[in-house]
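I opened this entry to record what I looked up, chain by chain and then across the interface. The notes follow the order of my lookups.

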Amino acid sequence: MTTLEFSLLVYGCSLIAGLVGALTGLGGGVVLVPLLSLLFKVDIRYAIGASLVSVIATSSGAAAAYVKEGFSNIRIGMFLEIATTLGALLGANLAARVSTHAIAIVFGVVLLFSAYFSRKPRSQAERGVPPDPLATRLRLNGSFPDVDGVRSYNVQHVPAGWTLMFGAGALSGLLGIGSGAMKVLAMDQAMKIPFKVSTTTSNFMIGVTAAASAGVYLNRGYVDPGLVMPVMLGVLAGSLLGARLLIKAHTKWLRLGFSLVIVLLAIEMLYNGLSGRI
Amino acid sequence: MLPGRSWTDQRIENVLGNLLRAGVLLSALVVLLGGAIYLLRHGLSPVDFGVFRGEPPDLRDLRGIIHSAFQLRGRGIIQLGLLLLIATPVARVAFSIFGFAKERDGMYVVFTVIVFSVLLYSLFGTA
């Protein structure tokens with residue numbers, strides 16, 4: 001394959017990954033590394049570097065559209081970014097110390113969890129729960145525009161959410177993914193933040209988390225410009241398109257389809273990691 | 001929530017949104033330019049990403065990347081665009097420090113400074 005053919009193919013796949021990633025709130029990064037390493041036979045370290053940089057583009061590109069809608073909560077985002085950036089530093093440093101087989105196996109397990117949690121019914125963030133004292137002191141409670149007017153919400157279980165976010169950051173730094181599933185899990189399931197607020201705030205945070213490990217990857221020589229160029233441009237185009245469609249999209253079937261793809265990729269990653277092919 | 005505060009929050013978020021959009025679009029343009037040069041020169045040569053070699057030093061750090069980009073080398077220009085992309089969320093965090101300070105929200109100024117320090121450490125402290 002010539003470089004031109006390779007770049008065009010990778011661009012097309014990345015565009016689809018970015019589009020579906022933005023629509024489901026699961027991020028395109030989670031499928032980028034398996035796609036590049038399994039389908040295009042790219043070394044997993046180059047794939048992780050490319051994915052990590054592209055995740056910043058997804059997050060920042062989509063966040064620009066989201067903030068105008070008033071869904072994301074900047075205080076929740078910033079408070080939890082302390083956890084995710086520290087976790088990301090830990091993860092990026094771990095990535096240099098473990099073998100590529102181990103990374104592939106961890107990746108497979110994380111993919112399975114992503115698929116499982118994307119199928120889990122959302123907690124219907126109960127309305128009118130009493131405010132949590134810690135969340136109130138941290139000024140995390142907020143409001144957002146819903147179908148029936150402005151709706152306010154009270155954030156719960158702050159320590160559990162913060163700890164999950166540290167883990168999400170570590171996985172992001174280790175695997176080069178946005179950890180969207182785990183971030184949404186922490187906010188939607190643990191902290192009882194409404195789903196739309198969770199997904200958009202998560203998208204907002206992913207760029208900062210990824211930037212915390214991207215520097216480490218760049219310094220280490222894992223970021224190849226020839227590979228990142230089509231990946232980053234494709235993911236960005238897809239995520240911008242996805243952000244435009246998000247408000248009206250019915251994500252139920254899309255999430256089902258996407259989680260099936262994720263399960264297949266998970267099995268492939270586990271098989272390749274365990275048999276030493278990656 | 002007081003209407004005054006939510007207005008300020010929303011205004012900060014709008015400025016942040018525009019900052020992110022501008023940074024991402026600028027970096028995408030630079031990457032596109034570098035990509036065009038790269039593909040014009042190397043488009044017909046075979047790809048090889050299957051073996052990990054690591055990038056040469058002039059594509060790893062700020063000095064090398066700027067030097068390479070100013071020699072109009074495609075890969076150097078792409079890498080410069082990627083540096084801009086990484087800098088975008090860092091700039092967002094830096095602006096948030098200013099925003100929270102304007103709101104006289106000391107607690108969130110501290111939180112944001114912590115996040116900013118972690119980002120600077122990873123970019124410059126790990127080389």
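**Salt bridge across the chains**

I began with A:D224, which is buried at 5% relative accessibility. The model is predicted, and I kept that in mind for every entry below. I then looked for the partner of A:D224: its side chain meets that of B:R75 in a salt bridge, 3.6 Å from N to O. I noted that B:R75 lies in helix α3 (residues 74-102) of chain B and A:D224 in the loop between α9 and α10 of chain A, so the pair joins two chains. B:R75 has 23% relative accessibility and counts as partly exposed, since the cut-off for buried is under 20%.

**Interface of chain A and chain B**

Next I looked up the whole contact. I found 60 residues from chain A and 65 residues from chain B taking part. The area buried between the two chains is about 5,500 Å². Carbon and sulfur atoms give 69% of that area. I asked which three residues of chain A supply more of its buried area against chain B than any other three. They are A:R75, A:M78 and A:N219, with 13% of the area that chain A buries there.

For charged pairs, I counted five salt bridges across the interface of chain A and chain B. For polar contacts, I have 17 residue pairs across the interface, both residues at pLDDT 80 or more. I then listed the helices of chain A that each supply at least two residues to the side touching chain B: α1 (3-24), α3 (44-69), α4 (74-95), α9 (195-220) and α10 (225-245). The largest share, twelve residues, comes from α9(A). Sorted by class, this side of chain A has 35 nonpolar, 15 polar and ten charged residues.

**Chain A as a whole**

I turned to the fold of chain A and counted eleven helices and two strands. Read from the N terminus, the order of elements is α-α-α-α-α-α-β-β-α-α-α-α-α. I checked the overall dimensions: the C-alpha atoms fill a box of roughly 60 × 35 × 30 Å along the principal axes. The radius of gyration of chain A is 18 Å, which agrees with the value near 19 Å for a compact globule of 278 residues. Buried residues make up 65% of those 278 residues. Among contacts in chain A with a separation of 6 or more, 81% are between residues 24 or more positions apart.

**Other salt bridges**

I widened the search to the whole structure and found ten salt bridges over all chains. Side chains of opposite charge can pair when their charged atoms come close. I took two pairs that stay within a chain.

In chain A, A:R151 pairs with A:D146, with the closest N and O atoms 3.2 Å apart. I checked whether each partner is buried or exposed. A:R151 is buried at a relative accessible area of 17%, whereas A:D146 is partly exposed at 24%.

In chain B, B:D48 forms a salt bridge with B:R53, and the closest N and O atoms are 2.8 Å apart. B:D48 is partly exposed, with a relative accessible area of 39%. B:R53 is exposed, at 56%.

Last, I looked for salt bridges that share partners. I found A:R75, A:R139, B:E103 and B:D105 joined into one network. A:R75 had already come up in the buried-area entry, as one of the three residues that supply 13% of the area chain A buries against chain B.

Note on methods. Residues numbered from 1 in each chain as written. Chains lettered and ligands numbered in written order. Predicted model: local features only at pLDDT ≥ 70, side-chain atom pairs only at ≥ 80, totals over all residues. Heavy atoms only, no water. Contact = heavy atoms within 4.5 Å. Buried area = accessible area lost by both parts, 1.4 Å probe. Salt bridge = Lys/Arg side-chain N within 4 Å of Asp/Glu carboxyl O. Polar contact = N/O pair within 3.5 Å; in protein donor to acceptor, adjacent residues only side chain to side chain. Helix = DSSP H or I, 4+ residues; strand = E, 2+ residues; numbered from the N terminus. Nonpolar A, V, L, I, M, F, W, Y, C, P; charged D, E, K, R; others polar. Rg over C-alpha atoms; globule rule 2.2 N^0.38 Å. Buried < 20%, exposed > 50% of the residue type's maximum accessible area, 1.4 Å probe, protein only.
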